[in-house]
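Visitor: Got a structure open here and want to go through its packing and its empty space. Can you take me through it?
Guide: Go ahead and ask.

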Amino acid sequence: MPISEQIPDSDATFLRRGEGELAVVFVHGFLDDQHVWDKVIDELKTPGIETIRLDLAGLGDRAGADGPFTYERLADEVGAVIDRVGKPFVIVGQSMGAPIAELVATARSERALGLVLFKPVPLAGTRLPDEVVEPFRSLGADAEAQRDLRQQLSVALSDADLDRLVTIGLRVRPEVVASLVDCWNTGLPDAPERSRYAGPVLVVRGGDDGFVTEELVATAVSPRFAS
């Protein structure tokens, strides 16, 4: 049964499930919340691990949070959760959660046993031109546009999962949607060409994903890591 805990002096809460000396931390992506990981966590049968997940600021149950919505702020919050748990960990980041996971692992390299980047956007940003990125910035409160985007990026979603994800995305305030798009499109200021995280990294993408393409991963993500 998941147990909810709160970070002192913060609106950030996180869910803990399972028992063990190792934590697996899940960081969701753009327009999502911590519950996108429910089915994944249900499938984990490895003994001796605890799973950790939380809503990022501005998303999920924290939809009312104030900005700034930057990689630095979001990584600090995820890092505070990991420090609270106090265990060696593997961290899994999806979409814009992938750069956050990298920053957290880099800052805690002595405890970070591995990094999983799932459909990752580059730490330095996607750097899409204005005419391409503007439709993403305008997704807030637009159910039809969000549904179309989900279907394009995750072609195997069931109707039930699609409905659930659109409902999650519609909770995000339009101004927060725009800020988060600016975050993952611009990327981390002065992002290093080579990652400072030297541990093992697994990069995963969908074969039919037209956004996080094989070329994007091969040129802007995988070469940055030593292992």
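Visitor: How many residues are in the largest nonpolar core, and which have the most contacts inside it?
Guide: A note first: this is a predicted model. The largest nonpolar core has 54 residues, and those with the most contacts inside it are Phe-30, Val-78, Ile-91, Met-96 and Ile-100. Helix α2, residues 71-85, supplies the largest share of this core, with 7 residues.

Visitor: Where is the rest of the nonpolar packing, in terms of another core?
Guide: Another core, of 10 residues, lies apart from that one. Among its members are Phe-26, Val-92, Leu-165 and Ile-168.

Visitor: Back to Met-96. What does it touch?
Guide: Not counting residues up to four places away in sequence, Met-96 touches Gly-29, Phe-30, Tyr-71, Leu-74, Val-121, Leu-180, Cys-183 and Trp-184. Of these, Phe-30 is also listed with the most contacts inside the largest nonpolar core.

Visitor: And Leu-56, where is that?
Guide: Leu-56 sits in the loop between β4 (49-54) and α2.

Visitor: Buried or exposed?
Guide: Buried, because its relative accessibility is 1% and the cut-off for buried is under 20%.

Visitor: What is Leu-56 in contact with?
Guide: Leaving aside neighbours within four places in sequence, Leu-56 is in contact with Val-27, His-28, Arg-62, Leu-74, Val-78 and Ile-100. As for Gly-67, 11 residues away along the chain, its C-alpha atom is separated from that of Leu-56 by 11 Å.

Visitor: Strands next. How do β5 and β6 pair?
Guide: Strand β5, residues 89-94, pairs with β6 in the parallel sense, over 6 bridges. One bridge joins Val-90 to Gly-114 in β6.

Visitor: Why is β6 described as largely enclosed?
Guide: Strand β6 covers residues 112-118, and 5 of its 7 residues are buried, so the rest of the structure largely encloses it.

Visitor: Now the empty space. What volume does the largest pocket have?
Guide: About 770 Å³. It is lined by 32 residues, and the closest to its centre are Asp-32, Gln-94, Phe-118, Lys-119 and Ser-154.

Visitor: Which helices feed that lining, and what classes of residue are in it?
Guide: α1 (38-43), α5 (143-153) and α6 (159-169) each supply at least two residues of the lining. By class, the lining residues of the largest pocket divide into 17 nonpolar, 6 polar and 9 charged.

Visitor: What about the second largest pocket, how many Å³?
Guide: The second largest pocket has a volume of about 190 Å³. Its lining includes Pro-135, Phe-136, Asp-142, Leu-149 and Phe-211. Both α4 (130-137) and α5 supply at least two lining residues, and α5 gives the most, with 5 residues. The classes there are 7 nonpolar, 2 polar and 2 charged.

Visitor: How many cavities of 30 Å³ or more are there?
Guide: The structure holds 1. The largest cavity has about 50 Å³ of space.

Visitor: What lines it?
Guide: Residues lining the largest cavity include Ala-98, Pro-99, Glu-102, Leu-117, Val-121, Arg-224 and Phe-225. The elements that give two or more residues to this lining are α3 (97-107) and α8 (214-221), and the largest share, 3 residues, comes from α3.

Visitor: And by class?
Guide: The lining of the largest cavity has 10 nonpolar residues, no polar ones and 2 charged.

Conventions:
Residues numbered from 1 in each chain as written. Predicted model: local features only at pLDDT ≥ 70, side-chain atom pairs only at ≥ 80, totals over all residues. Heavy atoms only, no water. 1 Å grid on protein atoms, 1.4 Å probe; cavity = no way out; pocket = protein on both sides within 12 Å on 5 of 7 lines; lining within 4 Å. Points joined across faces, edges and corners; volume = space filled by probe spheres on them. Helix = DSSP H or I, 4+ residues; strand = E, 2+ residues; numbered from the N terminus. Nonpolar A, V, L, I, M, F, W, Y, C, P; charged D, E, K, R; others polar. Core = buried A, V, L, I, M, F, W, Y, C linked by side-chain atoms within 4.5 Å. Buried < 20%, exposed > 50% of the residue type's maximum accessible area, 1.4 Å probe, protein only. Contact = heavy atoms within 4.5 Å. Pairing = 2+ DSSP bridges.
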